[in-house]
Amino acid sequence: MTAFVFPGQGSQFVGMGKELYDTNEEARALFEKANEVLGFRITDLMFEGTDEDLRQTAVTQPAVFIHSVITAKILGSDIKPAMVAGHSLGEFSALVCCGALSFEDGLRLVSARAKAMQKACEIKPSTMAAILALPDEKVEEICNGIDGVVVCANFNCPGQIVISGEIEAINAACEAAKAAGAKRALPLKVGGAFHSPLMEPARAELASAIEATEFHTPACPIYQNVDALPHTDPAEIKANLVAQLTAPVRWTATVQNMVADGATEFIEFGPGKVLQGLVSKIAKEVAVSGRC
């Protein structure tokens, strides 16, 4: 069985999608539709902007979504996935791929999500950090022992967890992780504490946008971040998307469950190769490739 997976924020790069725009008429029409939906030419920033342009959450998230969805539609048209999943933002790309959302509605939701998250980031200074080579349980124990808000945000693969929270709490957790034997405890260049309680203001705002959007029964199961389980019921999918903003991304368990349910090949659609690397570390027995 083939699984399609879609990356999240952080995989973007200047020039992403330009070759498809220049060489494929269907892709070009979709890029222009995205410009129309957003009300500005995001393609200019994607193709010829600066790294700083693309690091703005309100630009990054729609840009990665647009690139991922169009890549899957054009370069993945010869394959029908048996299941899909996306890492954080990538969950919206996956939902469009499996027919639960239209391209336009997915893009509107991603844009609303990005703006809501940006506003939440501005309320309180916050950040994230990657902890390498410690067991999941140890990182959770460290976070629970720190004063202030700091939680495990991304369970990316065995030995790689991203924590999220208040700046002082993150710094304290990094020091504790190093003392516990972590190979690295590396602060990340992000706008705020994604997938933490500090995103609660964004959650309420996104919930309204999701509730007003029409979702369809997907053509195949989507394995969602909050519980790493397959879903096909639109009401469940909506609730999980809302919960995702303040809940951890359970990527390790997601891939493990997809493999247990029959996935033998994973194809990443979108910028970068981050998920290909993570899947290879989680399930060494499966085939992994990417199209971008």
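## The N-terminal strand

Thr2 counts as buried, because its relative accessibility is 15% (buried is under 20% relative accessible area, exposed over 50% and partly exposed in between, with a 1.4 Å probe and protein chains only). Thr2 belongs to strand E1 (helices, H or I, of at least four residues and strands, E, of at least two are DSSP runs numbered from the N terminus). Its side chain makes a polar contact of 2.9 Å with the side chain of Glu265 (N or O atoms within 3.5 Å, one able to donate a hydrogen and the other to accept it; residues adjacent in sequence count only if both atoms are side-chain atoms).

The model is predicted, so local features need pLDDT of at least 70 and side-chain atom pairs pLDDT 80 or more, while totals for chains, interfaces and linings use all residues. Residues are numbered from 1 along each chain as its sequence is written, and side-chain values use heavy atoms, without hydrogens and water.

## Aromatic pairs

The whole structure contains six aromatic pairs (ring centres of Phe, Tyr or Trp, the last by its six-membered ring, within 6.5 Å; planes under 30 degrees apart are stacked, over 60 edge-to-face, the rest tilted). One of them joins Phe4 and Phe269 in a tilted arrangement, with 4.5 Å from centre to centre and 55° between the planes. Phe4 sits in strand E1 (residues 2–6) and Phe269 in strand E9 (residues 265–269), so this pair links parts of the chain that are 265 residues apart. Phe4 is buried because its relative accessibility is 2%, and Phe269 is buried because its value is 0%.

A stacked pair is made by Phe65 and Phe103, whose centres are 6.0 Å apart and whose planes differ by 10°. Phe65 is in helix H5 (residues 57–75) and Phe103 in helix H7 (residues 103–123), so the pair ties together parts that are 38 residues apart in sequence. Phe65 and Phe103 are both buried. Elsewhere, ring pairs connect Phe4, Phe6 and Phe269 into a cluster.

## The largest pocket

The largest pocket holds about 840 Å³ of space (a pocket is an open set of points on a 1 Å grid over the protein atoms alone where a 1.4 Å probe fits, with protein on both sides within 12 Å along at least five of seven lines; lining residues have an atom within 4 Å of a point). The volume is the space filled by probe spheres set on the points, which are joined across faces, edges and corners.

This pocket is lined by 33 residues, and those closest to its centre are Gln9, Gly10, Ser11, Leu188 and Val190. The elements that supply two or more lining residues are helix H4 (51–55), H5, H7, strand E3 (126–132), strand E4 (150–157), strand E5 (160–166) and helix H13 (274–282). By type, the lining consists of 12 nonpolar, 17 polar and four charged residues (Ala, Val, Leu, Ile, Met, Phe, Trp, Tyr, Cys and Pro are nonpolar, Asp, Glu, Lys and Arg charged, and the others, Gly among them, polar).

## The second largest pocket

The second largest pocket has a volume of about 230 Å³. Its lining includes Phe4 and Phe103, which also take part in the tilted pair with Phe269 and the stacked pair with Phe65 respectively. Other lining residues include Leu30, Val69, Ala72, Lys73, Ile79, Pro81, Val96 and Cys97.

H5 and helix H6 (90–97) each give at least two residues to this lining, and H5 gives the most, with three. The lining divides into nine nonpolar, two polar and one charged residue.

## Positive phi outside glycine

Ser88 is not a glycine, yet it has a positive phi of about 60°. Ser88 is in the loop between strand E2 (83–86) and H6, and it counts as buried because its relative accessibility is 11%.

His195, also a residue other than glycine, has a positive phi near 55°. The loop that holds His195 runs between strand E6 (184–187) and helix H10 (200–211). His195 is buried, with a relative accessible area of 4%.

## Distances across the chain

Leu75 is part of helix H5 and is partly exposed, at 30% relative accessible area. Its C-alpha atom is separated by 6.8 Å from that of Arg291, although the two residues are 216 residues apart along the chain.

Leu245 lies in the loop between helix H11 (234–244) and helix H12 (251–260). At 1% relative accessibility, this residue counts as buried. The C-alpha atoms of Leu245 and Ile142 are separated by 22 Å, with their positions 103 residues apart along the chain.
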